[in-house]
Amino acid sequence: KAGGYPESFKGTPEHAELVKNVRTAFMTDDFVKYMSKIEAKLESNGNKFIAGTDTPTIADCALVPQLKHFTKGVLDHVP
């Protein structure tokens with residue numbers, strides 16, 4: 001079982017609906033919440049890098065590719 005669902009679940013209309021619902025909920029709720037926290041952190045440290053440093057840290061290196069992935073248009077149901 002993958003994610004608690006039988007392998008035969010993948011590719012079904014129910015699977016597609018579940019993916020849509022989870023991604024839509026993430027983008028409208030969790031993503032907004034997390035981005036607000038990151039934005040507040042950046043504002044509190046003078047809009048430098050996430051850790052408030054003058055140069056990028058591993059946190060910046062990890063965040064940038066994730067954000068780019070969300071904006072590339074490769075994920076269904078992610079505007």
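# A guided tour from phenylalanine 9

Begin by selecting phenylalanine 9: apart from its neighbours within four places in sequence, this residue is in contact with Glu14, His15 and Leu18. The structure on screen is a predicted model. Phenylalanine 9 lies in the segment before α1, the helix that covers 13–44.

**The first aromatic pair**

Keep phenylalanine 9 selected and add tyrosine 5. A pair of aromatic rings is described by the distance of the centres and the angle of the planes. A search of the whole structure gives 4 aromatic pairs. Tyrosine 5 and phenylalanine 9 form a stacked one, with 4.3 Å from centre to centre and 15 degrees between the planes. The pair counts as stacked because planes under 30 degrees apart are classed in this way.

Now display the surface around these two residues. Is phenylalanine 9 buried or exposed? Phenylalanine 9 counts as buried, with a relative accessibility of 17%, because the cut-off for a buried residue is under 20%. Tyrosine 5, by contrast, is partly exposed, at a relative accessible area of 35%.

Next, select the C-alpha atoms of phenylalanine 9 and glutamine 66. These residues are 57 apart along the chain, and their C-alpha atoms are separated by 27 Å.

**The aromatic cluster**

Clear the selection and choose Phe26, Phe31 and Phe70. These three residues form one aromatic cluster.

**Along helix α1 and into the loop**

Select alanine 40, which is found in helix α1. Alanine 40 is partly exposed, and its relative accessible area is 41%. Add isoleucine 50, which is 10 residues away along the chain; the C-alpha atoms of alanine 40 and isoleucine 50 are separated by 9.9 Å.

Move on to asparagine 47, in the loop between α1 and α2, where α2 covers 58–71. What is the phi of asparagine 47? Its value is positive, about 55 degrees, although asparagine 47 is not a glycine. Most residues other than glycine have a negative phi. Asparagine 47 is also exposed, with a relative accessible area of 57%.

**Beyond helix α2**

Select histidine 77, in the segment after α2. Here too a residue other than glycine has a positive phi, near 70 degrees. Histidine 77 is partly exposed, at a relative accessible area of 38%.

**The whole protein**

Finally, clear every selection and view the entire chain as a cartoon. How many helices and strands does the protein have? There are 2 helices and 0 strands. The radius of gyration is 17 Å, well over the 12 Å that the globule rule gives for 79 residues, so the protein is more spread out than a compact globule. Rotate the model to see its extent: along the principal axes, the C-alpha trace spans about 50 × 25 × 20 Å.

Return to the surface display. Of the 79 residues, 11% count as buried; phenylalanine 9, visited earlier, counts as buried. The accessible surface of the protein is about 6,000 Å², and 60% of that area belongs to carbon and sulfur atoms.

Contacts may be shown next. Among contacts between residues at least 6 apart in sequence, 41% join residues at least 24 apart.

As a last step, colour the charged residues. The protein has 10 positive and 10 negative charges, and the mean positions of the two groups are 3 Å apart.

Note on methods
Residues are numbered from 1 along each chain as its sequence is written. This is a predicted model: local features need pLDDT of at least 70, side-chain atom pairs count only at pLDDT 80 or more; totals for chains, interfaces and linings use all residues. Side-chain values use heavy atoms; hydrogens and water are left out. Rings of Phe, Tyr and Trp (its six-membered ring) pair if their centres lie within 6.5 Å; planes under 30 degrees apart count as stacked, over 60 as edge-to-face and the rest as tilted. Buried means under 20% relative accessible area, exposed over 50%, partly exposed in between (1.4 Å probe, protein chains only). Helices (H or I, at least four residues) and strands (E, at least two) are DSSP runs, numbered from the N terminus. The radius of gyration is taken over C-alpha atoms; the globule rule is 2.2 Å times the number of residues to the power 0.38. Contact means heavy atoms within 4.5 Å. Accessible areas come from the Shrake-Rupley method with a 1.4 Å probe; for residues, only the protein chains shown count as cover. Lys and Arg count as positive and Asp and Glu as negative; His and the chain ends are not counted. The place of a charge is taken as NZ of Lys, CZ of Arg, CG of Asp or CD of Glu.
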